[in-house]
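Hi,

Here is the structure I promised to pass along. Please have a look at it when you get a moment, and then read on for my notes.

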Amino acid sequence: HRGSRVPRSLPAPDRVREPLRRGSFSSRSRPGVRATHPVLRRAPLRRAAVTAGMDGPLVRLAVGAACPAISIAMFLAPLPDVLKLRRGQAPTAVYAPLACVAMNSAVWALYGLMAPNYIIMSTNFPGLIIGAFYLGVFFSYAEDRGSASVRFTSAVAASFTTLIYAVAAMYEVEAALQIIGSLGAFASVSLMASPLASIARVLRERSVACMNFNLTLCAFMNGALWTFQGIVLTPDPAIWVPNILGATAGLVQLSLFALFDSEKAGDPPSREAPSAASRSAGLAPTGVIRSVRSRKSPAESVAMDKQWQSQVP
């Protein structure tokens with residue numbers, strides 16, 4: 001306006017802009033300067049990833065889609081064992097992974113709802129439904145559902161979940177999110193390391209037949225992807241700390257599969273020589289009998305035992 005007393009030295013309102021600081025993330029045309037940003041100076045791994053161009057939009061899109069997908073795949077990994085239990089094809093299933101699926105999903109579904117974070121919610125609400133189905137089938141059909149180990153694991157999982165929801169009810173949102181994020185790290189590591197609950201049996205029998213390979217592989221991939229997400233794309237220790245521990249636990253489990261024979265690969269028949277009684281009776285070696293029986297149903301195995309016993313002189 002003509003009569004205004006605004007000094008001419010001031011810029012026009014539409015031209016007022018905060019000068020771009022040296023090393024700002026907004027200066028995409030200066031990748032060499034971006035590494036001097038204070039956040040990058042405090043995070044050397046993220047600085048190296050940014051310098052290598054690993055935080056581009058395509059990488060963010062791919063990892064953002066892969067993280068929920070691999071998490072849901074990890075939740076679904078125990079499903080074949082649970083379905084075998086429900087059909088009566090197996091007397092029981094390893095309980096620790098089933099309880100950890102339900103506990104982990106319950107904790108992180110609450111975290112995603114309070115944040116709000118739709119990626120976390122879309123990942124863990126299906127996991128909560130899947131975990132509830134697992135527990136329902138286990139406590140309906142498993143023979144060892146009343147054992148001491150199952151009662152102890154159930155008590156720990158229920159107490160931990162109740163503590164998380166009590167924190168959400170007692171504290172303000174910001175404080176509750178910090179506490180739940182810290183305690184949720186325990187739930188994530190417990191889920192990814194849950195197959196190690198049977199490590200004593202694995203080392204004793206020198207066989208990984210009691211471990212779930214699909215769950216182990218998905219746990220390792222899940223930990224690796226979320227570690228990348230928490231270090232490079234969205235720097236957050238609450239994300240990458242538990243997941244790097246989970247990825248390490250998954251790597252240990254994969255090394256057990258590489259070290260010992262798996263039931264999934266099939267036990268090779270034993271090469272032991274037949275005894276004199278077996279040769280005289282025309283019976284098969286014991287190792288071959290074990291190999292054949294492992295591929296038969298229980299009823300067929302009993303009938304086969306009676307047939308072989310009837311041939312003994």
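Below is what I found, starting with a pocket and then turning to two residues.

Please keep in mind that this is a predicted model. The second largest pocket holds about 450 Å³ of space. It is lined by 23 residues, and those closest to its centre are Trp 108, Ile 120, Trp 226, Ile 239 and Asn 243. Several helices contribute to this lining: α4 (57-76), α6 (95-114), α7 (118-141), α9, α11 (213-233) and α12 (237-259) each give two or more residues. By character, the lining of this pocket divides into 12 nonpolar, 10 polar and 1 charged residue.

Next comes Gly 230, which sits in helix α11. Gly 230 counts as buried because its relative accessibility is 1%, and the cut-off for buried is under 20%. Leaving aside residues up to four places away in sequence, Gly 230 touches Pro 235, Asp 236, Ile 239 and Trp 240. One of these, Ile 239, is also among the residues closest to the centre of the second largest pocket. Asn 243 is 13 residues from Gly 230 in sequence, and the two are 8.7 Å apart in space, C-alpha to C-alpha.

The other residue is Ser 198, in the loop that runs between α9 (173-192) and α10 (199-205). Is Ser 198 buried or exposed? With a relative accessibility of 13%, Ser 198 counts as buried. Again setting aside residues up to four places away in sequence, Ser 198 touches Cys 210 and Met 211.

Best wishes

Notes:
Residues numbered from 1 in each chain as written. Predicted model: local features only at pLDDT ≥ 70, side-chain atom pairs only at ≥ 80, totals over all residues. Heavy atoms only, no water. Helix = DSSP H or I, 4+ residues; strand = E, 2+ residues; numbered from the N terminus. Buried < 20%, exposed > 50% of the residue type's maximum accessible area, 1.4 Å probe, protein only. Contact = heavy atoms within 4.5 Å. 1 Å grid on protein atoms, 1.4 Å probe; cavity = no way out; pocket = protein on both sides within 12 Å on 5 of 7 lines; lining within 4 Å. Points joined across faces, edges and corners; volume = space filled by probe spheres on them. Nonpolar A, V, L, I, M, F, W, Y, C, P; charged D, E, K, R; others polar.
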